[in-house]
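This report covers selected features of a single protein model. It deals in turn with charged contacts, a surface patch and enclosed space.

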Amino acid sequence: MSLPPLTAAVLFAPPTWPVELRVLGFVLAFALMTVAMGAPVTARRVSVRLANGLLRAGLPAPVDTTGRHWVDRSRTSVWLVLHMVLGGAVTAVSFVAALGAVAFPSVWLGGEERMAVFGLSLRIGEGWRGAWALLPAVGCLALAVAGTLGGAAVLRALAPVFLGHRLGERLAAAEERMNLLAQQNRLAQELHDSIGHTLTASTIQAAVAVELMGTDPAGARRALNSIEETSRAAMDDLDHVLGMLREERPSTAPRPTLADLDPLVEGVRGTGAELAVEIRGDLARVPATVSREAYRIVQEGLTNAMRHGGRGGIRLRTTVRDGWLEVELTNPVGTGAPVRQRPGGRGVEGIKDRVRLLRGETRAGVVDTADGDAREALWRLLVRIPLRSGS
C-alpha cells in the first residue's frame, strides 16, 4: 500500500536538491498521493473489507449518504496514512528482529567467536559456551510477534474512528434496519392471516366432509371442493410472500380487497358456519391501501371467530361514512356464568398493528348482552380506519 506514495515521494525529492527542499518535496508528494488514494468512494469500501479481513475489526459496510462524501474521503486518507506509518514501523521492527533471530544462531553455529550488533562487538564463544546466543534469537522472534500483534491491536482500535459509521450513516443504517424489520413483520402477518385462515377453514370443512360422507355425499364433495379452492388461494398468497422474501419478482396477481368479500364469506359459510353480513355505504369509496388491509382484518377476524367461537351466530358489519371505514365482527363465546375477557392472541395483535399503521382505532373484547334473565356473551371486534391519512 505504501509503494505508490513512496515512489512518488522519491521522485519529487531528487538528490540534486538541497536537503530542506528534498524533505519538503518528499512529505508533500507522500501526502498528496495518499489523499489521492483515499479520494475514490470505493477506497473506503476496500479499506473496510481489508480491516475486517486482516484485523477482524468488525466494521459495518459503508452506507451511501449524500452530501458528506468529502468527510469520508478525508477520514479514509487519514486512515491510509496511519496504516502506512504503523505498518512500515511494524515491518521494519519485524524485519530487524527476524534478521537477529537468524544471525545469532548462525554466528554461533559458524564457529565465530564475535559478532557486531549496532556498532557493538559481542563475544559468542565456542561450543556449548556459545549456546546463550539462542536466547536473543528467541527474544527477537518474540519481539517480531509482539510488534505485529501490537500494531494490529492499535489499528483495530483506530479503524472504527476513521472507517466506522458517522452519525448520519448510523441513522441511515438504523432506518434501513427498521424498514427491514417492518417488512419482515408485514410478511409474517400476511402468512399468519392467509395461511391461518386457510388451515382453520380447511380443518372445519374436513370435519364436515367426514360427517356427511355417509349421509350426504354431495355435501361432502362440496366441502372437499371448498378445501381445494381455499388451499389454491393460500398457495398464491404463499408464492407472493416467498417471492418477496427471496427478493425475486413477486406474483403479479392483485391482492384481495373488500370487493372480494363474497368469496371469503362463501368460504366461511361453506364450513357450515352461520355468518350474517351487513354492508352499509359504498365500498368503492375506500382507498385501495385501506381496502386491502381491511380485507386481511376481516379475514383474520373470521378465522378467530371460527377457531374460538364455533360456527353459529357470527355477524359481520362494514360501514363507510363520514370519512371512516368501520368493521364490526361479533360471535358468541358462551352463556351462563360471568365471562372473563380472553387475552388477545397473535391474530388480534396483528390486527392492531395493521390498524395502528393506518392511524385507526381497535377495540377487542367480550361484551355482555344480558336481556332480562337471558344472557349472552359476545366476542366483539370493532375497527375504525380513516379513509384519508389526514382524517
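## Salt bridges, a nonpolar patch and a cavity

E266 is partly exposed, with a relative accessible area of 48%. The model in which this residue is described is predicted. The side chain of E266 meets that of R269 in a salt bridge, with a distance of 3.5 Å from N to O. Both E266 and R269 belong to helix α8, which covers residues 261-269. They stand three residues apart, about one turn of the helix. R269 has a relative accessible area of 35% and is partly exposed, because the partly exposed class lies between 20% and 50%.

A second pair with this spacing occurs in helix α10, where D353 and R356 are three residues apart, again about one turn of the helix. The closest N and O atoms of the salt bridge between D353 and R356 are 2.8 Å apart. The two partners fall into separate accessibility classes: D353 counts as partly exposed at 24% relative accessibility, whereas R356 counts as exposed at 54%. The class of R356 follows from its value because exposed means over 50% relative accessible area.

Salt bridges with shared partners also join R317, E326, E328, E361, R380 and R384 into one network.

A further salt bridge links R280 with E278, and its closest N and O atoms are 2.6 Å apart. R280 is partly exposed, with a relative accessible area of 39%. E278 likewise counts as partly exposed, at 29% relative accessibility. In total, the structure holds nine salt bridges. The three pairs described individually are set out below.

| Salt bridge | N to O distance |
|---|---|
| E266 and R269 | 3.5 Å |
| R280 and E278 | 2.6 Å |
| D353 and R356 | 2.8 Å |

The next feature is a patch on the surface. Residues L6, V10, V19, V23, F26 and V27 make a nonpolar surface patch of about 500 Å². Helices α1 (3-11) and α2 (19-38) each supply at least two residues of this patch. Of the contributing elements, α2 gives the most, with four residues. V23 is found in helix α2 and counts as partly exposed at 48% relative accessibility. This value is compatible with membership of the patch, because patch residues must have over 30% relative accessible area.

The last topic is enclosed space. Rolling a probe the size of a water molecule over the atoms shows where empty space is left. The count comes to four cavities of 30 Å³ or more. The second largest cavity holds about 70 Å³ of space. Of the 10 residues that line the second largest cavity, G301, N304, L329, W379 and L381 are the closest to its centre.

Which elements each supply at least two residues of the lining of the second largest cavity? They are α9 (288-308), β5 (324-334), α10 (346-357) and β7 (377-386). The largest share of this lining, three residues, comes from α9. By class, the lining has six nonpolar, three polar and one charged residues. Helix α10 therefore appears in two of the settings described here, because it contributes to the lining of the second largest cavity and also contains D353 and R356, for which partial exposure of D353 at 24% was given above.

Definitions and conventions: Residues numbered from 1 in each chain as written. Predicted model: local features only at pLDDT ≥ 70, side-chain atom pairs only at ≥ 80, totals over all residues. Heavy atoms only, no water. Patch = residues over 30% accessible without salt bridge, like charges linked within 9 Å, V, L, I, M, F, W, Y side chains within 5 Å. Areas by Shrake-Rupley, 256 points an atom, 1.4 Å probe, with all protein chains shown as cover. Salt bridge = Lys/Arg side-chain N within 4 Å of Asp/Glu carboxyl O. Buried < 20%, exposed > 50% of the residue type's maximum accessible area, 1.4 Å probe, protein only. 1 Å grid on protein atoms, 1.4 Å probe; cavity = no way out; pocket = protein on both sides within 12 Å on 5 of 7 lines; lining within 4 Å. Points joined across faces, edges and corners; volume = space filled by probe spheres on them. Nonpolar A, V, L, I, M, F, W, Y, C, P; charged D, E, K, R; others polar.
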